[in-house]
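Student: Could you take me through one part of this structure slowly, with the cut-offs spelled out? I would like to see how a single element fits into its surroundings.

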Amino acid sequence: MRLYEDQPSGTVDRARTLRRDAPAPERRLLRALREAFPHLKWRHQVPVGPYLADILCFSERAGIEVDGDTHASTSGYDSVRTATIERAGFRVIRVANRGVTENLPGVLDHIAREKGGTA
């Protein structure tokens, strides 16, 4: 279990708020990942450096970022965030909200290939 002792004050509360107020595609993907890969533990809104990763699997060293429409205007921020998560040892897989809502099986197949496993 990860400890949050090195995180800035308020990190745990912020993560809880983001989990509680998560967008529907993020919640749907998390639920689908837990069903598709029940042998893996998927964590939601996990601190990685100064950022919170949308979804992480520690055993697979995989991080999944669910990108909504606002990510088009924050590409610089997203690239720094991705680099930070990768430096922490995770492979970052980016998926679009639209993909989750319109083609969830395809998104799960993509994640399975990217993380190195099978669906």
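Which residues of H5 are buried?

Tutor: Happy to. A word on the source first: this is a predicted model, in which local features need pLDDT of at least 70 and side-chain atom pairs count only at pLDDT 80 or more, while totals for chains, interfaces and linings use all residues. Residues are numbered from 1 along each chain as its sequence is written, and side-chain values use heavy atoms, with hydrogens and water left out.

Now to your helix. The buried residues of H5 are Leu 104, Val 107, Leu 108, Ile 111, Ala 112 and Lys 115; buried means under 20% relative accessible area, exposed over 50% and partly exposed in between, with a 1.4 Å probe and protein chains only. Helices (H or I, at least four residues) and strands (E, at least two) are DSSP runs, numbered from the N terminus. These buried residues cover an arc of only 140 degrees around the axis, so they sit on the same side of H5; the arc is taken over the directions from the helix axis to the C-beta atoms. On the face turned away from that buried side, H5 carries the exposed residues Pro 105 and Arg 113.

The length of H5 can be checked too. At 1.5 Å a residue, its twelve residues should span 16 Å, and the end C-alpha atoms are 16 Å apart, which agrees; the expected span is 1.5 Å times one less than the number of residues.

What does the buried side meet? It packs against H2, S3, S4 and helix H4 (97–102), where contact means heavy atoms within 4.5 Å.

That leads to the largest nonpolar core, which has 19 residues. A nonpolar core is a set of buried Ala, Val, Leu, Ile, Met, Phe, Trp, Tyr and Cys residues joined through side-chain atoms within 4.5 Å. Two or more residues each come from helix H2 (24–36), strand S2 (51–57), strand S3 (62–67), strand S4 (91–96) and helix H5 (104–115). The largest share, five residues, comes from H5. Ile 111 is among the residues with the most contacts inside this core, and so is Trp 42. Not counting residues up to four places away in sequence, Trp 42 touches Lys 115 as well as Leu 33, Ile 55 and Ile 64, among others. In soluble globular proteins, nonpolar side chains tend to be buried together.

Finally, a second, separate core of eight residues includes Val 48, Ala 53, Leu 56 and Ile 85.
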